[in-house]
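Thanks for making the time this morning. I would like to take you through the charged pairs in one model and then turn to its nonpolar interior, so please keep the structure open while I talk.

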Amino acid sequence: MRGDREGTTMTPLLLDLVNSRIVYPDGPHDELADDAAARAWLRERGVEGTREEIADARTVRPVLAAVIRGEEPADALAPWVDVMHRRARLTRDGLRWQDDVPAGRRVGVRAIEEWAALQGPDGSRIRPCADPDCQHFLVDHSRANARKWHSMEICGNRAKARRHYARSKEKGGAGSAQ
């Protein structure tokens, strides 16, 4: 992940953000559900965790998830994109670029910058897991940009087991009721 305009290192936010709310059979697990947990979660990712930033994280998360899933056009990100501005600042070391973003949009702007960096001529490198029962997203760093599952151990094996069961059932072989 690139550093901010002052050269500090930032932890990637986008993937963690869109994976921070998952609905399980026994109910949702939301890492941003209460303010104290959300503040700690944001601080772990290099964000101060102010009330405005917590609210922004909760607001941008479903919009980003819908854009990544293809349920919404990228234009849905306009409330954040429209406030993205950079200003030049002179320092003793030379010219520095500084983000000039309202506090209530900083989390969304940072996540959208990460999302934009993952778009390319071969398609997006961030996508939903291909397992229809999974709600996670993944970032594909493979050369072919062909990764399907957020976890090969969980979703990939589940898909292979389904295919094996379907082939066995078709052939009337092992695993089918006779």
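**Salt bridges and the nonpolar core**

Let me begin with D35, which in this predicted model makes a salt bridge to R58, with the closest N and O atoms 3.0 Å apart. Because D35 sits in helix α2, residues 35-44, while R58 belongs to helix α3, residues 51-69, this pair ties together parts that lie 23 residues apart in sequence. As for their surroundings, D35 is partly exposed, at a relative accessible area of 38%, and R58 is likewise partly exposed, at 27%.

The next pair links two strands. Here the side chains of R86 and D99 meet in a salt bridge, at 2.6 Å from N to O. R86 is in strand β3, residues 86-91, and D99 is in strand β4, residues 94-99, so the contact ties together parts that are 13 residues apart in sequence. R86 counts as partly exposed, with a relative accessibility of 41%, and D99 falls into that class too, at 32%.

Now to a pair inside one helix: are E114 and R110 buried or exposed? E114 is buried, with a relative accessible area of 7%, and R110 is buried as well, at 8%. Their salt bridge has its closest N and O atoms 3.6 Å apart, which I would read alongside the 4 Å cut-off for calling such a pair. Both residues belong to helix α5, residues 106-117, where being 4 residues apart separates them by about one helical turn. Elsewhere, D16, E44 and R45 are joined into one network by salt bridges that share partners. For the structure as a whole, the search finds 13 salt bridges, and the pairs I have described, including D35 with R58, are among them.

Let me move on to the nonpolar side. In soluble globular proteins, nonpolar side chains tend to be buried together. The largest nonpolar core in this model has 28 residues, and those touching the most other members are L14, L17, L64, W115 and I126. At least two residues of this core come from each of α1 (14-18), α2, α3, α5 and β6 (137-139). Which element gives the most to this core? That is α3, with 7 residues.

I will finish with L17 as an example. Leaving aside residues up to four places away in sequence, L17 touches L32, W41, A57, V60, R61, L64 and A111. One of these contacts, L64, is also listed with L17 among the core residues that touch the most other members.

Definitions and conventions: Residues are numbered from 1 along each chain as its sequence is written. This is a predicted model: local features need pLDDT of at least 70, side-chain atom pairs count only at pLDDT 80 or more; totals for chains, interfaces and linings use all residues. Side-chain values use heavy atoms; hydrogens and water are left out. Buried means under 20% relative accessible area, exposed over 50%, partly exposed in between (1.4 Å probe, protein chains only). A nonpolar core is a set of buried Ala, Val, Leu, Ile, Met, Phe, Trp, Tyr and Cys residues joined through side-chain atoms within 4.5 Å. Contact means heavy atoms within 4.5 Å.
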